[in-house]
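Here is a short report on one protein model. Look through the sequence and the structure first, then read on.

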Amino acid sequence: MSKGFMKSFIIFMILSLILVGCSSRTGQSDDNKVSSGETSSDDDKTKISAFMYISDPSRQELYKEIAGEFMKENPDISVEMQFPGEYENVMKVKMAANDLPDIFDTHGWAKVRYGNYLADLRDEPWAGELTDSIMNVVTDTDGKVYALPVIEAKQGIAYNADLLEKYGIEVPKTLDEMIAASEQILKKSGGKTVPFYFSGVDKWTIGQFFDLFANSQFITPEKNEKEALLKNTFDWSKWDVLPRKFQEIQKKGLINEDVLTAKYSDLAKSFAEERVAFALVGPYISDEVHKINPDVKIGLMPVPAIEAGDEPNFSGGEHSSMGIWKDTKHSKEAKKLLQFFAKKENLARISDATKLPSGIKGVKANHEFVEYYEKYNDVQVVPYFDRVYLPNGIWDTMCVQGTELLAGRITPKEYSNVMKKEVDRLSNK
């Protein structure tokens, strides 16, 4: 056999092996595409990204489901729906790089934190249907609409309606009435039901008390501290009243004794077993409670007033909103997706899943708290206290200092002093 022939034969064999290998890999790739539902035309689709601040797996699946329905109706658009952990940190990095998703959840900060990054959506078909309670939250005085409020927060207090009825207790309208009702519950239950449940492990549950009742103490009364708080001239010695009330509730035995080691995940079981009467987390525990006790009736009440002559209130604002990055290259497609989510039937599905009202008028939800939202339709809804009157970063201080108070390591006055120092520090950043 000549050297030339041998050389040609070797080259032929090498090329044959390469072609066989490529064919094999191509076949595997095609199989993967089929199994994932992709088609060869995916490269021709317009791809848009959406980041949502949602941790609950069932809600994540619902958003993915709606996005999937959108893609079936719009086969030329591909939606990548993501739910990143450490959402706020991820978004801070993306804002710093000016490289944001086409659509993202503004989770309560559409104007203050994300305003400069958001497109104006005032001309969208749903923009004229914003509810009265969310209107000022997602729009400004110039008429700009910052985001689609898929659902809005209407934070009140969940309560065991069966217990209150059994003991003949009216839904309290003031904090003092609530404390008196709690004492009755503790006594009539023989100590079985400890009215309030907080978690020193999940400190945000403690922060909730201060954030909700700060509105009742400083914002909703006719003589209020709005201007002083906004101008940072507030006399922080006035804050003492809230930690003093919290201490009073604890000293009267109205808070779970294991508060410092208790976990939020145990609240639903305690509530279902009538070992807790009031939950400052609103309707969010209902699904978990009903897994344990399907028959318990959960009520929803506004946050009681504190000052004489004042009325109860809901803390509100954005809960889950979808804004569009002003520099997106796919504005048309992003708006189309928002319009799809804004369909009344889709908003109703999300409302039913979250037990919260939609930020769009005319949505017919069908969950257990609808009757309470209708009953308290005229109750004032004020923005979450920390979102308007405190600097970014102070939330952790409220939670930690509240826990320290319950542990007996600080006094109400010391709590107020820490708040003043941290507000000054964060405001001057």
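Rings of Phe, Tyr and Trp (its six-membered ring) count as a pair when their centres lie within 6.5 Å. By that rule, the whole structure holds 24 aromatic pairs. This is a predicted model.

**Aromatic pairs**

A pair of aromatic rings is described by the distance of the centres and the angle of the planes. Planes over 60 degrees apart count as edge-to-face, and those under 30 degrees as stacked. The ring centres of Phe218 and Phe234 are 5.2 Å apart and the planes stand at 80°, so this pair is edge-to-face. The pair links distant parts of the chain, with the two positions 16 residues apart in sequence numbering. Phe218 belongs to helix α7 (residues 204-219). Phe234 sits in the loop between α8 (226-230) and α9 (241-251). Are these two residues, Phe218 and Phe234, buried or exposed? Both are buried.

Trp236 and Trp239 form a pair of another class. Their ring centres are 5.5 Å apart and their planes make 55°, so the pair is tilted. Trp236 is buried, at 5% relative accessible area. Trp239 is buried too, with a value of 0%.

A charge also meets a ring in this model. Arg113 lies over the face of Trp109, 4.6 Å from the ring centre.

**Helix packing**

Helix α7, which carries Phe218, packs on α9. The two axes are 10 Å apart and the angle is about 125°. Angles over 145 degrees would count as roughly antiparallel, and 65 to 115 as roughly perpendicular. α7 and α9 are therefore oblique to each other. Their crossing is right-handed. Which residues of α7 and α9 meet? From α7 come Ile206, Phe209, Phe210, Phe213, Ala214, Gln217 and Phe218. From α9 come Val241, Leu242, Pro243, Phe246 and Ile249. Phe218 thus appears both in the edge-to-face pair and in the contact between these helices.

A second packing involves helix α2 (residues 57-73) and helix α13 (residues 344-354). Here the angle is about 170°, with the axes 10 Å apart. That makes α2 roughly antiparallel to α13. On the α2 side, the contact includes Arg59, Leu62, Tyr63, Glu65, Ile66 and Glu69. They meet Asn346, Arg349, Ile350, Ala353 and Thr354 in α13.

**Selected residues**

The table gives the accessibility of five residues.

| Residue | Relative accessible area | Class |
|---|---|---|
| Asn98 | 38% | partly exposed |
| Asp140 | 23% | partly exposed |
| Ala272 | 5% | buried |
| Glu274 | 21% | partly exposed |
| Gln401 | 12% | buried |

Asn98 and Glu274 each have a backbone point to check. Phi of Asn98 is near 50°, a positive value in a residue other than glycine. Asn98 is in the loop between α3 (87-96) and β3 (103-105). Phi of Glu274 is near 60°, again positive in a residue other than glycine. Glu274 is placed in the loop between α10 (267-272) and β6 (278-279).

Ala272 lies in helix α10. Where does the chain come back to this residue? Ala272 and His290 are 18 residues apart in sequence, and their C-alpha atoms are 7.3 Å apart in space. Leaving out residues up to four places away in sequence, Ala272 touches Val289, Ile292 and Asn293.

Asp140 is found in the loop between α4 (132-138) and β4 (148-155). What does Asp140 touch, not counting residues up to four places away in sequence? Its contacts on that count are Lys111 and Tyr146. Asp140 and Lys111 are 29 residues apart in sequence, and 8.1 Å apart from C-alpha to C-alpha.

Gln401 is found in helix α16 (residues 395-406). With residues up to four places away in sequence set aside, Gln401 touches Ile410, Tyr415 and Val418.

**The whole chain**

How many helices and strands does the protein chain have? The secondary structure comes to 17 helices and 9 strands. The chain has 429 residues, and 49% of them count as buried. Take the contacts in the chain with a separation of 6 or more: residues 24 or more positions apart account for 74% of them.

How values were computed
Residues numbered from 1 in each chain as written. Predicted model: local features only at pLDDT ≥ 70, side-chain atom pairs only at ≥ 80, totals over all residues. Heavy atoms only, no water. Helix = DSSP H or I, 4+ residues; strand = E, 2+ residues; numbered from the N terminus. Buried < 20%, exposed > 50% of the residue type's maximum accessible area, 1.4 Å probe, protein only. Lys NZ or Arg CZ within 6 Å of the ring centre and 35° of its normal. Axes fitted to C-alpha atoms, helices over the stretch in contact; angles between N-to-C directions. Parallel < 35°, antiparallel > 145°, perpendicular 65-115°, else oblique. Left-handed = near helix turned anticlockwise from the far one by under 90°. Contact = heavy atoms within 4.5 Å.
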